[in-house]
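Reader: Hi, can you walk me through this model? Short answers are fine.

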Number of protein chains: 2
Amino acid sequence: MSDTDAPDLPVEPVEPAAASGVPTMFDVARRAGVSHQTVSRVLNDLTGVAASTRLRVEQAIAELSYTPSPAARAMAKRRSGSIGLIQAGRPDYGPSNAALGFNEAAHEAGYTVTQASMRSLDGEVLRQAVHRLALQRVEAIVLISGEREGVGVLTGIDAGVPLIVVASEPTPGLHRVSMDQYGGARIATEHLVGLGHREIRHVAGPVDSMDASERHRGWADAMRTHGLEVHAPIVGDWLAASGDAAGREVLAEGTATAVFVANDQMSLGLLHACHDAGVRVPDDLSVIGFDDIPEAAYFTPALTTVRQDFESLGRDIMATVLDVLRDEPDAPDRTSRVPELVVRGSTAAPTR
Amino acid sequence: MSDTDAPDLPVEPVEPAAASGVPTMFDVARRAGVSHQTVSRVLNDLTGVAASTRLRVEQAIAELSYTPSPAARAMAKRRSGSIGLIQAGRPDYGPSNAALGFNEAAHEAGYTVTQASMRSLDGEVLRQAVHRLALQRVEAIVLISGEREGVGVLTGIDAGVPLIVVASEPTPGLHRVSMDQYGGARIATEHLVGLGHREIRHVAGPVDSMDASERHRGWADAMRTHGLEVHAPIVGDWLAASGDAAGREVLAEGTATAVFVANDQMSLGLLHACHDAGVRVPDDLSVIGFDDIPEAAYFTPALTTVRQDFESLGRDIMATVLDVLRDEPDAPDRTSRVPELVVRGSTAAPTR
DNA sequence: GGGCGGTTCGTTAGCGCTAACGGAACACGA
DNA sequence: TCGTGTTCCGTTAGCGCTAACGAACCGCCC
């Protein structure tokens with residue numbers, strides 16, 4: 001049997017001992033009196049293991065409180081089991097809650113989430129973040145940021161993995177999830193029109209925001225549907241300060257009886273401007289916001305707004321990721337979740 | 001030369017080809033005409049590589065656009081290079097920004113962040129999140145959540161890795177980071193006292209919140225310092241609704257000339273209640289908040305509050321993590337960052 | 001000219017898993 | 001008795017890195 005004339009040396013089977021502390025699969029195998037492969041089989045719930053053997057292995061696992069090394073597993077399986085998440089820009093109510101929903105859904109699906117968030121919206125910084133995640137061999141990269149630039153940057157990148165973005169406009173080459181901003185804006189506008197308003201201004205979000213564009217479009221289309229004049233919107237930056245400035249502008253003009261503001265924070269600023277100017281809301285001016293942040297109900301007056309379910313959006317993102325990873329041929333389009341009107345005290349019929 | 005009488009078979013050196021697409025260290029080595037170990041040396045910036053060789057390797061790396069596999073590296077080095085982050089509870093302004101700062105600092109330090117956030121504050125859910133992260137072999141786990149219960153849960157866990165929490169009270173057995181909530185509350189109270197107020201109520205955060213307790217303590221101590229009566233605080237839950245309820249209570253009582261509210265959201269609710277009741281702020285009642293969320297400047301009236309730098313807190317967390325991982329003997333105590341008073345329009349001298 | 005220290009590099013052996021294959025043991029019918 | 005399947009399990013060979021060692025080569029001094 002021996003293919004050499006040298007004496008058979010006592011070949012020590014190289015079963016690594018649990019020297020470094022944490023037990024390995026071999027430690028479990030030795031304790032259970034089986035091979036490490038059988039342990040692997042039990043771990044991965046494969047067939048071909050006798051019930052009694054399975055039990056012994058499970059017991060050994062429990063006794064050693066063994067847990068498989070994710071690095072070794074990732075290496076052998078050639079997949080990391082983790083998904084990259086980039087949250088760019090200010091951690092506002094919307095993005096934060098979407099990220100949270102995504103996180104929960106990802107864990108439920110057995111994935112790990114590797115975070116690469118940043119305050120900056122700069123293209124170069126974003127590119128680096130994508131690169132960092134790609135280095136980590138994440139299986140997909142998710143971008144939560146409504147800015148058109150961010151999406152543009154991703155479009156030009158070949159990260160080697162699927163890219164999923166939250167975007168309310170079509171994004172060629174990328175997978176997309178969003179809520180129906182256009183529809184929400186129409187609902188808001190219809191509400192004002194239904195109350196009898198005919199001079200309705202719009203305070204929009206930043207020009208680079210796709211959500212802002214869609215809300216603007218929804219407002220404009222609704223106005224046109226009713227034969228009302230579509231003024232140029234006043235452009236803000238989502239923050240309360242810009243809402244305040246926009247409010248002063250609207251009041252200086254003095255013709256509007258209602259304003260559709262593209263988010264709740266700017267609505268707050270606008271309400272502030274009204275109060276300063278002695279303009280009563282909703283008696284002299286109706287105001288409707290967008291998002292329904294938790295504070296909106298306690299603005300003065302309580303803000304009528306359009307509620308978005310960001311957490312569900314986050315879950316939609318993960319669902320889309322799974323579709324993409326599984327290469328589903330006809331995955332459902334997850335861009336039609338429609339926001340819901342919440343009527344409070346900041347809107348009423350016009351008095352003039 | 002041959003030690004066998006068999007003919008020399010063409011021994012194929014088992015250098016794995018780039019069959020699976022992504023290039024490996026061996027591919028780089030072959031292209032550069034060196035051994036894979038030399039590639040590793042270049043990658044890890046070790047000495048003992050001739051400048052010319054280093055150049056050739058770097059060029060090969062660039063040409064193949066090779067990036068090392070984190071899984072293989074983690075396995076060989078026996079460290080994952082990632083840190084677990086648990087953000088429990090609502091993604092409010094404070095925690096979200098702290099998480100963001102932490103994220104940026106972690107990446108600057110060369111670490112990856114594995115996220116395990118959840119809306120729930122339940123102990124069991126938290127325990128599972130810690131477990132999930134431990135399975136991932138993260139090198140440390142960070143908890144951002146001011147609830148005492150969360151910290152308590154972590155105290156009882158042996159995750160096998162260092163645990164770092166954001167907590168404004170001492171946490172035996174855990175590493176701790178925080179801002180000086182007590183000091184901030186004293187500053188707020190001193191401001192009101194300085195204006196001449198003597199009947200100052202406190203609207204506190206939930207009893208399980210350490211921040212709430214510290215702010216309460218700071219208020220109470222400041223009151224005592226000035227010989228003022230320390231009433232029992234009204235307990236809220238951080239949300240605007242509870243601030244509204246607290247406001248009604250304060251107004252019904254009718255003795256207070258000022259209120260120190262434990263956060264800005266509840267302040268908003270309280271302002272709302274005042275407006276409803278026809279009580280003018282600050283003429284009839286002064287209100288001061290805590291946190292300085294971006295919206296606070298646009299409350300009606302603009303809110304006087306105490307500003308906290310959450311992003312820096314996040315960076316402090318990462319600094320502490322690094323101290324712990326490096327096993328620094330005398331790491332600095334990062335619990336003394338003092339908030340800053342921001343005076344706006346909601347506080348004034350009492351008129352009675 | 002030989003010994004000796006430094007620099008530069010290659011060889012080998014892991015890290016802890018999974019995938020692929022093979023082989024032993026047993027049951028069954030022809 | 002002999003195949004012929006099953007069922008169960010072990011053996012071997014990777015996955016793509018790092019760590020430890022050792023060999024080759026250079027120049028130097030005695």
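Author: Let's begin at the DNA. An N or O atom in the side chain of B:Tyr66 lies 2.6 Å from a phosphate oxygen of DNA strand D. That is a polar contact, a pair of N or O atoms within 3.5 Å; within protein, one must be able to donate a hydrogen and the other to accept it, and residues adjacent in sequence count only if both atoms are side-chain atoms.

Reader: Before we go on, where do these numbers come from?

Author: This is a predicted model: local features need pLDDT of at least 70, side-chain atom pairs count only at pLDDT 80 or more, and totals for chains, interfaces and linings use all residues. Residues are numbered from 1 along each chain as its sequence is written, chains are lettered from A and ligands numbered from 1 in the order in which they are written, and side-chain values use heavy atoms, with hydrogens and water left out.

Reader: OK. Which residues come nearest to DNA strand D?

Author: A:Thr38, A:Thr53, A:Met75, B:Ser40 and B:Tyr66, out of 29 residues around the strand. A residue is near a strand if one of its heavy atoms lies within 4 Å of it. Of the atoms of DNA strand D within 4 Å of the protein, 55% belong to sugar and phosphate.

Reader: Which polar backbone atoms lie by a phosphate oxygen there?

Author: One belongs to A:Ser35, at 2.8 Å from a phosphate oxygen of DNA strand D. Another belongs to A:Ala50, at 2.7 Å.

Reader: And which helices supply that surface?

Author: H2 and H4 of chain A, together with H2 and H4 of chain B, each supply at least two residues. Helices (H or I, at least four residues) and strands (E, at least two) are DSSP runs, numbered from the N terminus.

Reader: How do the residues near DNA strand D divide by class?

Author: Into 11 nonpolar, 14 polar and four charged. Ala, Val, Leu, Ile, Met, Phe, Trp, Tyr, Cys and Pro count as nonpolar, Asp, Glu, Lys and Arg as charged, and the others, Gly among them, as polar.

Reader: Now DNA strand C. How many residues surround it?

Author: 30 residues. The closest are A:Ser40, A:Tyr66, B:Ala50, B:Thr53 and B:Met75. By class, the surface near DNA strand C has 11 nonpolar, 15 polar and four charged residues.

Reader: What part of DNA strand C faces the protein, sugar or phosphate, or bases?

Author: Both appear. Sugar or phosphate holds 56% of the strand's atoms within 4 Å of the protein, and bases hold the rest. A polar side-chain atom of A:Ser40 lies 2.5 Å from a phosphate oxygen. A polar backbone atom of B:Ser35 is 2.8 Å from a phosphate oxygen. The side chain of B:Arg41 has an N or O atom 2.7 Å from a base nitrogen.

Reader: Which elements give two or more residues there?

Author: Helix H2 (36–43) and helix H4 (70–77) of chain A, with helix H2 (36–43) and helix H4 (70–77) of chain B.

Reader: New topic. How many residues of chain B are in contact with chain A?

Author: 43 residues of chain B, with 43 residues of chain A. Contact means heavy atoms within 4.5 Å. The buried area is about 4,100 Å², with carbon and sulfur atoms giving 61%. Buried area is the accessible area (1.4 Å probe) that two parts lose on being put together, summed over both.

Reader: How many salt bridges cross the interface?

Author: Two. A salt bridge is a side-chain nitrogen of Lys or Arg within 4 Å of a carboxyl oxygen of Asp or Glu. B:Arg119 and A:Glu311 form a salt bridge at 2.9 Å, N to O. There are also 18 residue pairs in polar contact between the chains, both residues at pLDDT 80 or more.

Reader: Which element gives the largest share of chain B's side?

Author: H5(B), with six residues. That whole side divides into 19 nonpolar, 17 polar and seven charged residues.

Reader: What about strands across the two chains?

Author: Strand E2 (residues 112–115) of chain A pairs with E2(B) in the antiparallel sense, over three bridges. Two strands pair if DSSP finds at least two bridges between them. B:Val113 is the bridge partner of A:Gln115.

Reader: In what order do the strands of the open sheet in chain A run?

Author: E7-E6-E8-E9, with parallel pairing. Strand E7 (234–235) and strand E9 (286–288) of chain A stand at the edges, each with a single partner strand, so one side of each is left without a neighbour in the sheet.
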